[in-house]
Amino acid sequence: MLEYYREYRSLAHMAFDYEISEPTASRIIKEVETVLIHSGKFSLPGKKALHQEGGIELEYIVIDATECPVQRPKKDNGVATVGRKSVILPKDKL
């Protein structure tokens, strides 16, 4: 389960590694999540606790995810060699 959350692996990869089916992997993860939530140690505060002043100290992280232009070579027709798609080589020349 830690692999599922830490590495963001798909259920298909998890199922393949443990030699189980995808639905079985999904069911196991849901069951473990339910047990962790009911334990009370892994639950998030409710909306009322978030809206109360001084109740919970929130920390914000800002990430700059703006797009940057990528330098690419200019397109030049003389650089690439153009071949015909219809050319079929005989078996003895392969």
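Here are a few notes on this predicted model, with most of the attention on helix 3.

1. Overall make-up. The chain has 4 helices and 0 strands, so to speak an α-α-α-α run when read from the N terminus. Of its 94 residues, 6% are buried. The accessible surface comes to about 10000 Å², and carbon and sulfur atoms account for 57% of that.

2. The annotated stretch. UniProt, in an unreviewed entry, lists residues 2-41 as "domain: Transposase Helix-turn-helix". In the model this span is 78% helix and 0% strand, and its end C-alpha atoms sit 16 Å apart.

3. Length check on helix 3. This helix covers residues 22-39, which makes 18 residues. At 1.5 Å a residue they should span 26 Å, and the end C-alpha atoms are indeed 26 Å apart, so the two figures agree.

4. Which residues of helix 3 are buried? They are Ala25, Ser26 and Ile29. Looking down the helix axis, the buried residues fall within an arc of 95°, so they line one face of helix 3. The general background is simple: an α-helix has 3.6 residues a turn, so residues three or four places apart point the same way.

5. What that face meets. The buried residues of helix 3 pack against helix 1 (2-6) and helix 2 (11-18).

6. The other face. Turned away from the buried side of helix 3 are Pro23, Val35 and His38, which are exposed.

7. Leaving the helix. Gly40 comes just after helix 3 and takes a positive phi of about 90°.

How values were computed
Residues are numbered from 1 along each chain as its sequence is written. This is a predicted model: local features need pLDDT of at least 70, side-chain atom pairs count only at pLDDT 80 or more; totals for chains, interfaces and linings use all residues. Side-chain values use heavy atoms; hydrogens and water are left out. UniProt positions are given in the numbering used here, feature names are shortened, and annotations may be inferred rather than shown by experiment. Helices (H or I, at least four residues) and strands (E, at least two) are DSSP runs, numbered from the N terminus. The expected span of a helix is 1.5 Å times one less than its number of residues. Buried means under 20% relative accessible area, exposed over 50%, partly exposed in between (1.4 Å probe, protein chains only). The arc is that of the directions from the helix axis to the C-beta atoms. Contact means heavy atoms within 4.5 Å. Accessible areas come from the Shrake-Rupley method with a 1.4 Å probe; for residues, only the protein chains shown count as cover.
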